[in-house]
Amino acid sequence: MKTCLVVDDSRVIRKVARRILEEFGFDIAEASDGLEALAWCRAMMPDAVLLDWNLPTMSGLEFLRQLRQEPGGDSPTVVFCTVENDVERIREALDAGADEYIMKPFDGDIMACKLAQAGLA
């Protein structure tokens, strides 16, 4: 079973994402900030990361840059999931190593489409 780490400071967003991703056959782990997510990845690298941009202690972009430098950190598929919709911000995320980008709010159809585009579904 593929593992997805859902990183968002909103418990509601994590719960919604968990429900959708479990329907697609993912085993879900959760982190509420970048530091917690990085510690989780160091303990067990996930197959995928659903990542919010605006996080406490370490932004999603900072987390992504750090993740990509970790041993095995180049392997997870990273999908940013955020309200950030500026083209320059999206380009910055993709340049930093994100594989896909989802705008909030999202639903199962949007998630399925983006996961397929990222090669996960």
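Glu-100 is buried in this predicted model, with a relative accessible area of 15%. The residue sits in strand β5, which covers residues 100-103. Its side chain makes a polar contact of 3.2 Å with that of Lys-114. Elsewhere, the model holds ten salt bridges and zero disulfides.

**Around Glu-100**
- Leaving aside residues up to four places away in sequence, Glu-100 touches Val-78, Val-79 and Phe-80, along with Leu-94.
- Glu-100 also touches Lys-114, Gln-117 and Ala-118.
- Lys-114 thus appears twice: as a residue that Glu-100 touches, and as its partner in the polar contact.

**A buried salt bridge: Lys-104 and Asp-8**
- The side chains of Lys-104 and Asp-8 form a salt bridge, with 2.7 Å from N to O.
- Lys-104 lies in the loop between β5 and α5 (108-117), and Asp-8 in the loop between β1 (3-7) and α1 (11-23), so the pair ties together parts 96 residues apart in sequence.
- Lys-104 counts as buried, at 18% relative accessibility.
- Asp-8 counts as buried too, at 2%.

**Partly exposed salt bridges**
- Glu-30 and Arg-18 meet through their side chains in a salt bridge of 2.7 Å, N to O.
- This pair links strand β2 (residues 27-31), home of Glu-30, to helix α1, home of Arg-18; the two residues are twelve apart.
- Glu-30 is partly exposed at 29% relative accessibility, and Arg-18 is partly exposed at 26%.
- Glu-92 forms a salt bridge with Arg-65, and their closest N and O atoms are 3.6 Å apart.
- Here the link runs between helix α4 (residues 87-95), which holds Glu-92, and helix α3 (residues 60-69), which holds Arg-65, with their positions 27 residues apart in the chain.
- Glu-92 is partly exposed, with a relative accessible area of 28%; Arg-65 is partly exposed as well, at 40%.
- Shared partners join Arg-14, Arg-18, Glu-22 and Glu-30 into one network of salt bridges.

**Cysteines without disulfides**
- A search of the whole structure finds zero disulfides.
- Cys-81 has its closest cysteine sulfur in Cys-4, but the two sulfurs are 10 Å apart, so they are too far for a bond.
- Cys-113 is in no disulfide either; its nearest cysteine sulfur belongs to Cys-81, 14 Å away.
- Cys-81 is buried, with a relative accessible area of 3%, whereas Cys-113 is partly exposed, at 39%.

Note on methods: Residues numbered from 1 in each chain as written. Predicted model: local features only at pLDDT ≥ 70, side-chain atom pairs only at ≥ 80, totals over all residues. Heavy atoms only, no water. Disulfide = S-S within 2.5 Å. Buried < 20%, exposed > 50% of the residue type's maximum accessible area, 1.4 Å probe, protein only. Helix = DSSP H or I, 4+ residues; strand = E, 2+ residues; numbered from the N terminus. Polar contact = N/O pair within 3.5 Å; in protein donor to acceptor, adjacent residues only side chain to side chain. Contact = heavy atoms within 4.5 Å. Salt bridge = Lys/Arg side-chain N within 4 Å of Asp/Glu carboxyl O.
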